[in-house]
Structure formats: structure tokens, C-alpha cells
Amino acid sequence: MATSERDYYELLGVPRDASEADVKKAFRRLARELHPDVSDATDAHDRFREVVEAYEVLSKSETRALYDRYGHAGLRSGGFQPGQFDFGSLSDLFSAFFGDDVLAGHAGGRGRGADVAALVEIELVEAATGVKRDLPFQVAVVCSHCGGDGAEPGSAVTTCPTCGGAGRVQHVSRSVFGEFVRAQTCPTCAGSGRKVEQPCTVCGGEGRRLEERRLEVEIPPGIHDGQQIRISGEGHAGGPRGRAGDVYVQVHVKPDERFVREGNDVFSTVELTMTQASLGTSVTVPTLDGDEELDVAPGTQPGEIIVLRGRGMPVLQGFGRGDQHVFVNVLVPRHLSDEQRRLLAEFDSHTDERTYKSDEGFFEKLKSAFR
């Protein structure tokens, strides 16, 4: 993990309104320059980790929006954790970040397996307590019959005659500007560098096969809608000497009609009649921990906010909880009988300045909810 807090856009050398394609292009350029495979600079290792972290944030719309609005502090509070990247070859790098085909390069060597994306939906109350979910998904695994080699056991495997085992072929063209060299994956061996005489009878020479798997995903308390959980090494299998990809589980927290979430605080409302607000009462209000009796003081005003300390969402990967802010809505009678009108008029005739004296303005009360 990078230890500095340099601006991610500055690290990649792109403007803040850069497109997704521009971000990807900048990362590819810097990766080729700073990756330990090609750079001898003493600080290449740290700089490479920084640009990987920058790309992880700016290449995803959710983390990019969080960073644009709140910076590094917003990412931390949102639970972002930079991925742990192993310094394999450059081909591994581009496979990891740009999603090479699940079964491509199976007979090569160190190719990292592709990642798996999954989605789970949970209730807001479950997000408050944390929950476990059983996640089914299909994943490419190494063929047990051929050991991922792609060839039927005992059959001959020779060097590809087209690329000579390199896995790539080059085409040289000449123009008035000089020679241009274009390299591409070998069309004969699909980049493996080998010629399989007899493909594996189980996997058809792919070296991998699809398998149904289930994972128990532990969703931590306080998670936010749209955040991802990374499960390392549980994705599609890589080449014989490469590691498996990861599983990225995106969490969708379903709206709860009783609450509105803002960060770690939640907001709700309670309705009182005019007489309840005037005389005081005890009412039942919903909280994330269940229903709770709330004592309402006599003279409670419309728009008043009652704060229940520590009844909000837990701090993700931290300590403590937010608060619950209960907005008081006082119901004014719409339809009155003649007797009710008479009684209200009689009450009004006995009021004075002290009856409706205000000790705090409405907007002051509203602002106090966000202090």
C-alpha cells in the first residue's frame, strides 16, 4: 500500500475530467515504465504501487466519485483498501487489470486468472449488524485430468512452428517514415508457444473447465451501498504457474422506508398529535436495534429533532456508531366538530405571551441535527 497521499490524478498525469479510456491509457504507459520487469530505478517499486493504487480508485466510478468529493479521507471512511498486488510479469499485470479472456494463455506459464464479479443484496438493518451470505458462482478451475496442460496425458507437445515458442509473432512493414514493427498473439498457438498433438479429452485442450462454487461472504457491519468486498485467489484459475484471480462482491444495501442514511447517521420521523406535543407523551419509534420507547417532553415543537446517541450505523472497520436523528412532525387537526372548535376557541382565549414563547428558532434546531 502506498504510504503517501499524493493526488491520484497527478500520479497518473491526467486531468480531473479524464475519461475512463484516458485513465486506462495513462496507467498502461506508467506500468510499462515503472514495473520491476523493466525499470532499474531505486524508487520504481514505490512509484509503481502508487500508480496501481491510483488506478484502482480512478478506474471505478464509485471510488472515483468518493475520492472526487472527499479525497483520501473519504476513501478511508468508505472502507477502501488498496489491493495487494504481487509483482509478476507485465503480462500478468495487464491480465489482472484489463481482464484478459478467462481461458486465454492457459498453456503458457504465469498468466493470472481473470476476476469474478458478483452482487449481493442486504437490508439496511443487516448492514448495521453485519451478515453472512452464501454466494454461488461459476469459476474456471484447472482441469484435473491434464493438470492445466491442455494436452491428453502421455501425448506429445511440441514447440509451435509459427512463433518458435515465443507465443507472439511480429510483422514488419516499411514506409517512407521507416520500419514499423507490430507484434500480436500467435494465431496458431493462441499465445501458448506450444503445439498440442492430442488435446485433453476432458477440457478440450483449454486446460481449465467451469465449476460451480459457493463461498460464504462475510459482510462487515457499517458497509455502504455500492462498496466491494475483495476475496483474493478465489476467481478464475490462471496458467500453470500463475495465481487465480479474485472475486469482487459488490454489496447493494436496499433502501429502508423507515430510515434515511447519511454517512454513519440515520434519520427518521415520528408523528405526534397537537395534544401529545403540548402535554408530552411516550411513543414507540423504530431503531436499527428494534423498537424503542421515546419520551417526548411537554411543549415539543414541530420540526424539533430528538437525537438518539449511538443508535446509527457502526463505523466501518472502526469503533463507535453514528446517531439517530428523529424529526418531530406535529399533526394539526384538519376536520373539527362544532364542540371541538368551541373548546379550542375557549383555550385560545386563555393564552398569553408565555403560552407560545419560543426558546429556539426552527432553523437553529435543524442545524443542530448536523452538528
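1. Two strands count as paired if DSSP finds at least two bridges between them. By that rule β14 and β15 are partners: four bridges join them, and they run antiparallel. One contact in this pairing is Ile305, whose bridge partner in β15 is Phe327. This is a predicted model, and the points below should be read that way.

2. Confidence. The protein chain has an average pLDDT of 81, and 81% of the residues score at least 70. Two stretches deserve caution. Residues 84–92 have pLDDT below 50, though the model gives this stretch 26 contacts beyond near neighbours in sequence. Residues 94–110 are also below 50, with 54 such contacts. Where pLDDT is low, predicted coordinates should not be read in detail.

3. The four-stranded sheet. The β14–β15 pair belongs to an open sheet of four strands, ordered β10-β11-β15-β14, with mixed pairing. β10 (260–262) and β14 (305–308) are the edge strands; each has a single partner, so one side of each lacks a neighbour in the sheet. From one strand to the next, the twist averages 30 degrees.

4. The other pairings in this sheet. β10 and β11 (residues 265–273) pair in the antiparallel sense over three bridges. Here Glu262 is placed opposite Asp265 of β11. β11 and β15 (residues 324–331) run parallel and are joined by eight bridges. Within that pairing, Ser268 has Val326 of β15 as its bridge partner.

5. Main core. The largest nonpolar core contains 27 residues. Ile122, Ile219, Ile223, Val249 and Val251 have the most contacts inside it. Two or more residues come from each of β1 (116–122), α6 (124–129), β2 (131–142), β7 (208–219), β8 (228–231) and β9 (247–253). β2 supplies the largest share, five residues.

6. Ile219 in detail. Leaving aside residues up to four places away in sequence, Ile219 touches Val120, Ile122, Gly130, Val131, Arg133, Ile229 and Val251. Another core lies apart from the main one. That second core has 21 residues, including Leu11, Ala54, Tyr55 and Tyr67.

7. Salt bridges: Arg213 and Glu234. The structure holds 17 salt bridges. In one of them, the side chains of Arg213 and Glu234 meet at 3.6 Å, N to O. Arg213 sits in β7 and Glu234 in the loop between β8 and β9, so the pair ties together parts 21 residues apart in sequence. Arg213 is partly exposed, at 27% relative accessibility. Glu234 is also partly exposed, with a relative accessible area of 27%. Both residues belong to a salt-bridge network with Arg209 and Glu211.

8. Salt bridge: Glu292 and Arg311. The closest N and O atoms of this pair are 2.1 Å apart. Glu292 is in strand β13 (residues 290–296) and Arg311 in the loop between β14 and β15, so distant parts of the chain are linked, 19 residues apart. Glu292 is partly exposed, with a relative accessible area of 22%. Arg311 is partly exposed at 25% relative accessibility.

9. Salt bridge: Arg258 and Asp256. These side chains meet at 3.0 Å, N to O. What is the exposure class of Asp256, buried or exposed? Asp256 is buried, because its relative accessible area of 16% falls under the 20% cut-off. Arg258, at 36% relative accessibility, counts as partly exposed.

Conventions: Residues numbered from 1 in each chain as written. Predicted model: local features only at pLDDT ≥ 70, side-chain atom pairs only at ≥ 80, totals over all residues. Heavy atoms only, no water. Axes fitted to C-alpha atoms, helices over the stretch in contact; angles between N-to-C directions. Core = buried A, V, L, I, M, F, W, Y, C linked by side-chain atoms within 4.5 Å. Buried < 20%, exposed > 50% of the residue type's maximum accessible area, 1.4 Å probe, protein only. Contact = heavy atoms within 4.5 Å. pLDDT = per-residue confidence, 0-100. Salt bridge = Lys/Arg side-chain N within 4 Å of Asp/Glu carboxyl O.
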